[in-house]
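Hi everyone, thanks for coming. I'd like to walk you through one structure today, helix by helix, with a few stops at backbone details along the way.

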Amino acid sequence: MPPRITNCHVHTFTHDHVPDRFLPFPLGSLLRFGPLRRGLLAVVQHFDRGRRSRLARYAKILQVSFGLSQEDVFKKVRNFYPRGTRFVVLPMDMEHMGAGRVTKLIGEQHAELKELRERDEYRELVIPFAAVDARQENVVEKTKHLLENDGFRGIKLYPPIGYHPYDPALRPLYSYAAERGVPVMTHCSRPAGVQYRGKPTKRMLTDPVTGKPLRMGRKELLTLFTDPDSYVPILEAYPTLRICLAHFGGAGDWKTYLERPWDPISDTGAKSWLAKIMDMLRLDAYENLYTDISYTVFADEEYVHLLKVLLSDGRVRRRVLFGSDFYVVESAGLEEKRISLRVRSVLGEDLFRTIAHDNPKDYLGEA
Ligand SMILES: [Zn+2]
């Protein structure tokens, strides 16, 4: 029997969930007009190739989701996969990124997702996670409500939008999730298009472990929030928590790993995040740590070969999840169906089953 695939990382948010100053005025407003949009999108995509600029990101969001519902976007991704494939759907809370107001707040985005999952045709296919932000009011109560009453199955973090993953406001959620077997998914590749735009606040500039001030600029700070090392306090404090560092360090760090020589023994800040995550996966102490191949392996066709070699280590093989990051792999030359087939073909049925069927079941707590 072919495996029942679980794609552990997709998005269905629409442009209504994106803040109004995501692009500088008047570009954002211009792109909302149909005829202008199509022309501009073509130009933007032509010139952006792989740079993941803010403009290209926004163009992709408009292209896929303008005037559509989360259900419409979900149907698009569903139709790229065999019937019965399940999808972990990850909402995005962009309200606190310092880019203006969103048409629909995160509460509404969650409500739409709850409704989607409750339809008979999607009940088995949609696995919604709750988007948390350390700055959301009553984040602990709201998230528990979604998990206990609304069919949400996990917690989604996006630290480059302006908070440290070990922010004290989130710790009660980690202990709750560890106790109940609720999985956590977090964004782990260097900050790019979607990131905090404002001036770092005192809260952001306080080391969550020592309480001491952090002296650095915004870019360095957001990189710190996203660095695999920033999860060490969480892994130490909640060893039973299943947590996935999404994107396996990111496409840029896969490139560095391949192109720059480095000494695996020396402990330097220049170490590729791919290498950091590999080291963490090999530690017996972090047996509930996972990573996913979303975005990264979809960004360049040569990466699937590196992936196959990395999976030759049994400790790594057990903790890698199949995911695509639909639909934010903008201007990557490869499309959803083409690359997911390529991953399956290069890895072979056994390895593919491990990352697309067995590991997702473990991660979601179904095994
Ligand atoms: Zn994503």
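Let me begin with a question: which residues of α3 are buried? They are Leu55, Ala56, Arg57, Tyr58, Ala59, Lys60, Ile61, Leu62, Val64 and Ser65. Please keep in mind as we go that this is a predicted model.

So α3 is mostly covered, with 10 of its 12 residues buried. How does the length of this helix work out? Helix α3 covers residues 54-65, and at 1.5 Å a residue those 12 residues should span 16 Å. The C-alpha atoms at its two ends are 16 Å apart, which agrees with that expectation. Right after α3 comes Gly67, and this glycine takes a positive phi of about 70 degrees.

Now to helix packing. Two packed helices are described by the angle between their axes and the distance between the axes. I have three pairs to show you.

The first pair on my list is α4, residues 70-78, with α5, residues 106-118. Their axes come within 10 Å and cross at roughly 55 degrees, and α4 and α5 are therefore oblique to each other. The crossing in which α4 passes α5 is right-handed. On the α4 side, the contact is made by Gln70, Glu71 and Phe74, and on the α5 side by Glu112, Leu113 and Leu116. Sorted by class, this contact of α4 with α5 has 3 nonpolar, 1 polar and 2 charged residues.

Next, please scroll along to α10 and α11. Helix α10 takes in residues 251-259, and its axis is 7 Å from that of α11, at an angle of about 90 degrees. That angle makes α10 roughly perpendicular to α11. Who meets whom here? From α10 we have Asp253, Trp254 and Tyr257, and they meet Trp273, Leu274 and Ala275 in α11. The class breakdown for α10 with α11 is 5 nonpolar, no polar and 1 charged.

The last pair is α13, residues 303-310, and α15, residues 336-364. These two pack at an angle of about 40 degrees with their axes 10 Å apart, so α13 and α15 are oblique to each other. Again there is a right-handed crossing, this time as α13 passes α15. Val304, His305 and Lys308 of α13 make the contact with Arg342, Val343, Val346 and Leu347 of α15. By class, the contact of α13 with α15 comes out as 4 nonpolar, 1 polar and 2 charged residues.

While we are on α15, have a look at Asn359, which sits in that helix. Is Asn359 buried or exposed? It has 23 C-beta neighbours inside 10 Å, so Asn359 counts as buried. Leaving aside residues up to four places away in sequence, Asn359 touches Arg318, Arg319, Val320, Leu321 and Thr354. There is also Phe322, 37 residues from Asn359 along the chain, with the two C-alpha atoms separated by 8.5 Å.

Let me turn to the backbone, for those of you who like checking torsions. Most residues other than glycine have a negative phi, and most peptide bonds are trans. Here are some places to click on with that in mind.

Asn138 is not a glycine, yet its phi is positive, about 50 degrees. Asn138 lies in the loop between β3 (126-131) and α6 (139-149), and with 9 C-beta neighbours inside 10 Å, this residue counts as exposed.

His247 is another non-glycine residue with a positive phi, near 75 degrees. His247 is in strand β6, residues 243-249. What is its environment? With 30 C-beta neighbours inside 10 Å, His247 counts as buried.

Then there is a cis peptide bond, which joins Phe326 and Tyr327, with omega at about 5 degrees. You'll find Tyr327 in the loop between β8 (320-321) and α15.

One more loop before I stop. Asp284 lies between α11 (273-281) and β7 (289-292). It has 6 C-beta neighbours inside 10 Å, so Asp284 counts as exposed. How far is Asp284 from Arg315 in space? C-alpha to C-alpha, they are 8.7 Å apart, with their positions 31 residues apart in sequence.

That's my tour. Thanks for listening, and I'm happy to rotate the view for anyone who'd like another look.

Terms used
Residues numbered from 1 in each chain as written. Predicted model: local features only at pLDDT ≥ 70, side-chain atom pairs only at ≥ 80, totals over all residues. Axes fitted to C-alpha atoms, helices over the stretch in contact; angles between N-to-C directions. Helix = DSSP H or I, 4+ residues; strand = E, 2+ residues; numbered from the N terminus. Parallel < 35°, antiparallel > 145°, perpendicular 65-115°, else oblique. Left-handed = near helix turned anticlockwise from the far one by under 90°. Contact = placed C-beta atoms within 7 Å. Nonpolar A, V, L, I, M, F, W, Y, C, P; charged D, E, K, R; others polar. Expected span 1.5 Å × (residues − 1). Buried ≥ 20, exposed ≤ 12 C-beta atoms within 10 Å, placed from the backbone.
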